Amino acid sequence: MPLQIYIAGKLYDKEDAKISVYDHGLLYGDGVFEGMRSYSGKVFRLAEHLDRLWDSAQAIWLTIPMTKEEMAKAVYDTLKVNGIEDGYIRLVVTRGAGSLGLDPNRTSNPQVIIITDHIALYPREYYEKGLELVTASTMRNHPAALSPRIKSLNYLNNILAKIEGLKAGCVEALMLNHKGEVAECTGDNIFLIAKGELLTPPIDAGILEGITRNAVIDIARDAGITTREISLTRYDVYVADECFLTGSAAEVIPVVKVDNREIGAGVPGPITQDLIRRFHELTRK
Ligand code: PMP
């Protein structure tokens, strides 16, 4: 059976899973989304993802046409019908089809889409040897213009930075905020280890509050590692002992080079490796 995609309460074969070209999600990037993981049939931190989806929707005046409980059930039903235990889940809520103008009042039927698929992690080599990043010249969206806390369908800010990274031969790129501080990467949050402490930019640095980020902060605190959310600059990155990224798709991935400078010893560090092990224990028990 072909992969089944959930759209507005019905399941469709992947090839037939389509929405209107008048949907404002397509015309204007007007909508919100989530990316989640399931491990052994259980969705990792589902409640947190649903809270963030609902908050993103509220921030753009979008009413999701179902309850969180109904969404959770639809997610599990879609996983089940596709026989996926360990997978990636994409939730999308669009503004719905409307007229060829911005006015969201002239749209109807926000579309809820659930895609469950197999996960394409970064190649294993990156986890073993670590990633290389460059700093993108594209700064992260100014929080007073479009809050990076909203996980909206308009990802051009991150895509432009991603292109800069790819053109420099890097699969991820570091993004700075409007103050020139370290914000995050195009689809992952960033952490440093310096003098035995775990450091990561605070939410008000203009970042997406990653669910994996929060899980790693919990894990580190439980492990007795001093963890601080503080403003960081590229100086802090360059002199750090270790660096890694977090995200639902990437999980925890080491970074060994930024802007052609080796971080620490230029290999995945011991605290990073310990946190990767602890994250695996949490998700794969
Ligand atoms: N920052 C950005 C810009 C993202 O798009 C994502 C999600 N891919 C993350 C951080 C990581 O968030 P999470 O751990 O919730 O996947």
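**Exercise 1. Find which element gives the largest share of the lining of the largest pocket, and work out where this pocket lies with respect to the domains.**

Solution. In this predicted model, the largest share of the lining of the largest pocket comes from helix 5, which provides three residues. As a next step, look at the other contributors: strand 3 (31-39), helix 2 (46-59), strand 5 (87-94), helix 5 (156-167), strand 9 (182-185), helix 6 (211-222) and strand 13 (242-247) each supply at least two residues of this lining. The lining is made up of 32 residues, and those that lie nearest the centre of the pocket are Tyr-88, Lys-151, Gly-187, Asp-188 and Ala-249. Sorted by class, the lining has 13 nonpolar, eleven polar and eight charged residues, and the pocket has a volume of about 710 Å³. Finally, because both domain 1 (4-117) and domain 2 (124-283) give residues to the lining, the largest pocket lies between them.

**Exercise 2. Describe the second largest pocket by its volume, and then by the elements and classes of residue in its lining.**

Solution. Begin with the space in the second largest pocket, which is about 250 Å³. Among the residues that line this pocket are Glu-48, Asp-51, Arg-52, Ser-147, Arg-149 and Asn-214. Helix 2 and helix 6 each supply at least two residues of the lining, and helix 2 gives the most, with five residues. Counting by class, one finds three nonpolar, three polar and six charged residues in the lining of the second largest pocket. As for the domains, at least three residues of this lining are drawn from each of domain 1 (4-117) and domain 2 (124-283).

**Exercise 3. Compare the expected span of helix 3 with the distance between its end C-alpha atoms, and then decide how its buried residues are placed around the axis.**

Solution. Helix 3 (residues 68-81) has 14 residues, which at 1.5 Å a residue should span 20 Å, and the end C-alpha atoms are 20 Å apart, so the two values agree. The buried residues of helix 3 are Met-71, Ala-72, Ala-74, Val-75, Thr-78 and Leu-79. They cover an arc of only 160° around the axis, and therefore they sit on the same side of helix 3. The general background is that an α-helix has 3.6 residues a turn, so residues three or four places apart point the same way. On the face of helix 3 turned away from its buried side, the exposed residues are Glu-69, Lys-73 and Lys-80. Just after helix 3, Gly-83 takes a positive phi of about 65°.

Notes. Residues numbered from 1 in each chain as written. Predicted model: local features only at pLDDT ≥ 70, side-chain atom pairs only at ≥ 80, totals over all residues. Heavy atoms only, no water. 1 Å grid on protein atoms, 1.4 Å probe; cavity = no way out; pocket = protein on both sides within 12 Å on 5 of 7 lines; lining within 4 Å. Points joined across faces, edges and corners; volume = space filled by probe spheres on them. Helix = DSSP H or I, 4+ residues; strand = E, 2+ residues; numbered from the N terminus. Nonpolar A, V, L, I, M, F, W, Y, C, P; charged D, E, K, R; others polar. Domains from an automatic or database assignment. Expected span 1.5 Å × (residues − 1). Buried < 20%, exposed > 50% of the residue type's maximum accessible area, 1.4 Å probe, protein only. Arc of directions from axis to C-beta.
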